[in-house]
Amino acid sequence: MMNTHRLETAEADIVYDVHGPLPTADGRPPLFMIGQPMDASGFATLASYFPDRTVVTYDPRGLGRSSRKDGRVDHAPTVQATDVHAVIEALGVGPVEMFASSGGAVTALALVAAFPHDVTTLVAHEPPLIPLLPDAEAAERARGGVRDAYEAKGSNAGMAAFIAMTSWRGEFTDDYFAQPAPDPGQFGMPSEDDGSRDDPLLSDRSWAVSSYRPDLDALAAAPTRIVIAVGKESAGIFTGRTSMATAELLGQRPSVFPSHHGGFLGGEFGYPGQPEAFARELREVLDEDN
């Protein structure tokens, strides 16, 4: 059973889906799954492994089915956190448990800092927080290279540059910047310019996400149990390193999950992870407090 809702606010119309009953059948909080720039469609496979839980998914403002009325095109974690807070309030059942991945994990950290009573347990999977890296300045330069490739030649060139950046092992050294621009063909993509210049992942529209610096004092003061998660295959690469740095900031070691950055995905996006094993690990982490 899934019900789709539209929450109208002054700045955006937020679409969210509730899979299961409210109040929940098991008496536990709903399990809210969020991403960025991924919308609700990215969690279909993972949600299917929680048939006993009420799962909530949503489309961030300006993405998927959610529209924005604020006249902006950037994706700021603090702004998205207010949207998630509004959805949690609209659910009307109190705080939620949350699984948040990538930019969604950044939004979730901003949410807990601003609204500390919204989430009981947060599993923040691979937040891409550049300011926490020891080579933050070089990482920003690498991120700029992705944007430049995208603006010059479109989505295929931008995605090739993005893959090269996010698969680079270790710090971004002179060797990284000395490489020739990656050929989209080596990743099975055409070389033609598709004309796109507004992709939230490849443009600078989401730089506020990767430039976010968590409010450590607010997170420490919140009653939320925060678990930083990292994919086993992400060790040493960009989001693996940012996950380690975030966990260290919070005085913990990250929880290791199966697969890669999209380890919870099925095959519908062409880069499948290990969703069944991922869901099993997520369930175990969430059940530790229950």
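This passage describes an annotated span, a strand pair and two pockets in a predicted model.

The UniProt record, an unreviewed entry, places the feature "domain: AB hydrolase-1" at residues 43-142. In the model, 39% of this span is helix and 19% is strand. The C-alpha atoms at its two ends lie 29 Å apart.

Ahead of that span, the chain forms a β-hairpin. Strand β1 covers residues 2-8, and strand β2 covers residues 12-19. The two strands run antiparallel and are joined by 7 bridges. The turn of the hairpin leaves 3 residues between β1 and β2. Within this pairing, R6 has V15 of β2 as its bridge partner.

Empty space in the model was examined next. The largest pocket holds about 1,300 Å³. Its lining comprises 43 residues, and S102, F162, T166, L201 and H261 are the closest to the pocket centre. Four elements each give two or more residues to this lining: α4 (136-153), α5 (155-167), α7 (207-210) and α9 (238-249). Helix α5 gives the most, with 6 residues. The lining is mixed in chemical class. It has 20 nonpolar residues, 18 polar residues and 5 charged residues.

The position of the largest pocket follows from its lining. Domain 1 is built from two segments, 2-129 and 212-287, whereas domain 2 spans 136-187. Both domains give residues to the lining, so the largest pocket lies between them.

The second largest pocket has a volume of about 400 Å³. It is lined by 19 residues. Nearest its centre lie G145, A161, P180, A181 and P182. The elements that give two or more residues to this lining are α4, α5 and α6, the last at residues 174-177. Helix α4 provides the largest share, 6 residues. By class, 13 of the lining residues are nonpolar, 4 are polar and 2 are charged.

Two helices recur in these descriptions. Helix α4 gives two or more residues to the largest pocket and also provides the largest share of the lining of the second largest pocket. Helix α5 gives the most to the largest pocket and is also among the elements that give two or more residues to the second largest pocket. By contrast, α7 and α9 are listed for the largest pocket, and α6 is listed for the second largest pocket.

Note on methods. Residues numbered from 1 in each chain as written. Predicted model: local features only at pLDDT ≥ 70, side-chain atom pairs only at ≥ 80, totals over all residues. Heavy atoms only, no water. UniProt positions renumbered as here; feature names shortened; annotations may be inferred. Pairing = 2+ DSSP bridges. 1 Å grid on protein atoms, 1.4 Å probe; cavity = no way out; pocket = protein on both sides within 12 Å on 5 of 7 lines; lining within 4 Å. Points joined across faces, edges and corners; volume = space filled by probe spheres on them. Nonpolar A, V, L, I, M, F, W, Y, C, P; charged D, E, K, R; others polar. Domains from an automatic or database assignment.
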